[in-house]
Amino acid sequence: MPQDLESQIRGTEAGAQPASTTLRTSSKVLGRITDGIYRRPESAVRELVANAYDADASWVHIQTDRPRFSRIVVQDNGHGMSPAALTHMLHNIGGSSKRSADGIPLGVTNLDDTRLSPGGRRLIGRIGIGLFSVAQLAYSFQIITKTEGDEWQTVADVVLRQWDEPPPDGDAEYEAGRVKVWRERADDPAAKGTSVILTSVRQSTVETLQSKGIWRLVDRGDREPPRFHIGDHLGDGTLREIDGTSASLPWQSPHGEPDEAFQSLVGGVTASYAQGERSPSLKHLLDNYLQMAWNLSLAVPLTYVHVSPFDISGVSTLRYVLSGGVPAAARPLDLPTSVPVSEKFSWAQSDVPTDGLADSFRVLLDDLELRRPLRFEDMPETSNAIKKPIIFYGQLNEDFPGVDSARSGGPLRFSAYLLWAPKIAPIDNVGCLIRLHGASGTGFDPSFLGYPVQETVKLRQMTCEVLVHEGLEAALNIDRESFNAAHPHVIRLTSWLHNAMTRSFTQVKAVAKAERATKSSEQAEQFEADLEAIVLHAYEEAGGEPEDIPEVRLAGASSPSAPVGDEYVFDRSRVLGADAYSGSKPAKEAERKVAAIVQVLAAYGLLDDLEPEDREALLADLATIVRLKSG
């Protein structure tokens, strides 16, 4: 049957009618796809981007006619599919040829290692349902695909079957839709790649991307418009205007560089804290379209918007290493501040695609070039004692010695960073994000995989990424948005993470204590300097000299009360009352202020005519005023 379809497809080059076939798969597989496995539009688009990455594409362009969303096109310059590869895909939904020898002749798997793409990338896809994720977005779509050097391109029109009742249970084959396939002359034989064109977009998808639910709340007065949005498309084809404008974007649209536009978006979200958003969240700051851009940029293998966490310097952050898996204290990174951690540790790499190039994989969503929207420098400033972010680095190489691979799942290897900052903005970035070979569908888990210690405040100040290099894939559920919590790899990763967090929080507390001590010492020094300046100014005004300033002593029961030389001596208990021997910071400050007052009064000769008892009474009254508080 597959060979017959491939022959029919190739026969269209000679003028034959388009080949027709039905999409057949297990009802269980198609039921999962059509029953909401991809819960949000970006989840479905993410699968198409992952397919392009696995096809060694260097770029993917997602084009929409926002804010209408009547048409969505996902185009890439990957290897494309031959008629044989397309035939295999249509007849094997849920049975991917990736990661198997079957993919080698089809051009989807590396000749030497079936875990890799033909170009050597670690494959993301493994189940074979990614393309049909668009069933959540549209009723029908078209595929246009071409391999390099082929003078023909292959076109497939796919119409998905719709039903009123769920598909039957079990593994029986189920007709999921119908396909017409034909070949067309290509304009450029050297071109390659695949385009997926969605024209019959579901109304629910349109309304989601148009943020209709948000705008209904705005109309009811239940919320303010998002700070950044693409505009509200009204039913008559016009756009709602707010303060004289239909859209609110932090970049110049439609002109300007796409990468700068996305940087502006990330900068606008981060800066919202300083602009009054005390707990900035994406659902309040962005409409659904821009939230899709943000979430998609977190999910696919991209470079960071500014700098990798493994390449930042120690000038703007405090850096520590979490050695191994033992519960030892975090140790400061033994590196000059200008040297990144990636130069010291071979495992400290961010798992972004390089392929020998600085930016080997680019994803554009209309006029935005997506990057990982995570910042590690220039974080929001707060009143916290610690002013710099603190970043912790660690790794795990676990072979599960003595445990059969059937029980352990095989080796598990990952590197990770944990970033503590006084404020994480947006709050959606609080949590742990797990990446497999650069990709993630799970998003940030704010519970940090169920961290059991009550560190409520510090948990809101932590974000981390676990970059998995080997293992964990078998624990990934079919939707790629959750993990099987009982899998040995998940259990081991969770144990490592919780241990790392405990050590990180211990170090954060130590740094905060040291910062407070330093600040207190600096404040005390400044307090002393300010008092000395006031006294010196008084003597200069009175025509005296610095050497004329007398010593002032508050005598206690164990110290002599008789003055030595020109010093002034007062009874500590009478002057300071109940606080005389408390040793508290306010008491010490009051004592020092009283001494400075005596010196100022002496500069103007106001104490010389008073009897010692009167001086002491005057000073006691002044000390009471100094310690007086309002309210």
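User: What does contact mean for Ile 62 in this predicted model, and which residues does Ile 62 touch?

Analyst: Contact means heavy atoms within 4.5 Å. Leaving out residues up to four places away in sequence, Ile 62 touches Val 45, Val 49, Ile 72, Val 73, Val 74, Leu 296, Val 363, Leu 364, Leu 365 and Asp 366.

User: What makes the set that holds Ile 62 a nonpolar core?

Analyst: The name is given to buried residues of nonpolar kinds that are joined through side-chain atoms within 4.5 Å. The largest such core has 126 residues, and Ile 62, Leu 418, Phe 448 and Leu 472 touch the most other members; its largest share, ten residues, comes from helix H13 (residues 488–541). Apart from this core lies another, of 21 residues, including Ala 538 and Val 575.

User: Why is Ser 211 called buried or exposed?

Analyst: Buried means under 20% relative accessible area, and because Ser 211 has 0% relative accessibility, it counts as buried. Ser 211 is placed in the loop between helix H6 (203–209) and helix H7 (212–220).

User: How do you know that Ser 211 has a polar contact with Asn 288?

Analyst: The cut-off for such a pair of N or O atoms is 3.5 Å, and a polar atom of the Ser 211 side chain lies 2.8 Å from the backbone nitrogen of Asn 288. Beyond its neighbours within four places in sequence, Ser 211 is in contact with Asp 287, Asn 288 and Tyr 289.

User: Which helix gives the most to the lining of the largest pocket?

Analyst: That is H10, with six residues, in a lining of 22 residues, among which Arg 40 and Asn 295 are included in those nearest the centre.

Terms used
Residues numbered from 1 in each chain as written. Predicted model: local features only at pLDDT ≥ 70, side-chain atom pairs only at ≥ 80, totals over all residues. Heavy atoms only, no water. 1 Å grid on protein atoms, 1.4 Å probe; cavity = no way out; pocket = protein on both sides within 12 Å on 5 of 7 lines; lining within 4 Å. Helix = DSSP H or I, 4+ residues; strand = E, 2+ residues; numbered from the N terminus. Buried < 20%, exposed > 50% of the residue type's maximum accessible area, 1.4 Å probe, protein only. Polar contact = N/O pair within 3.5 Å; in protein donor to acceptor, adjacent residues only side chain to side chain.
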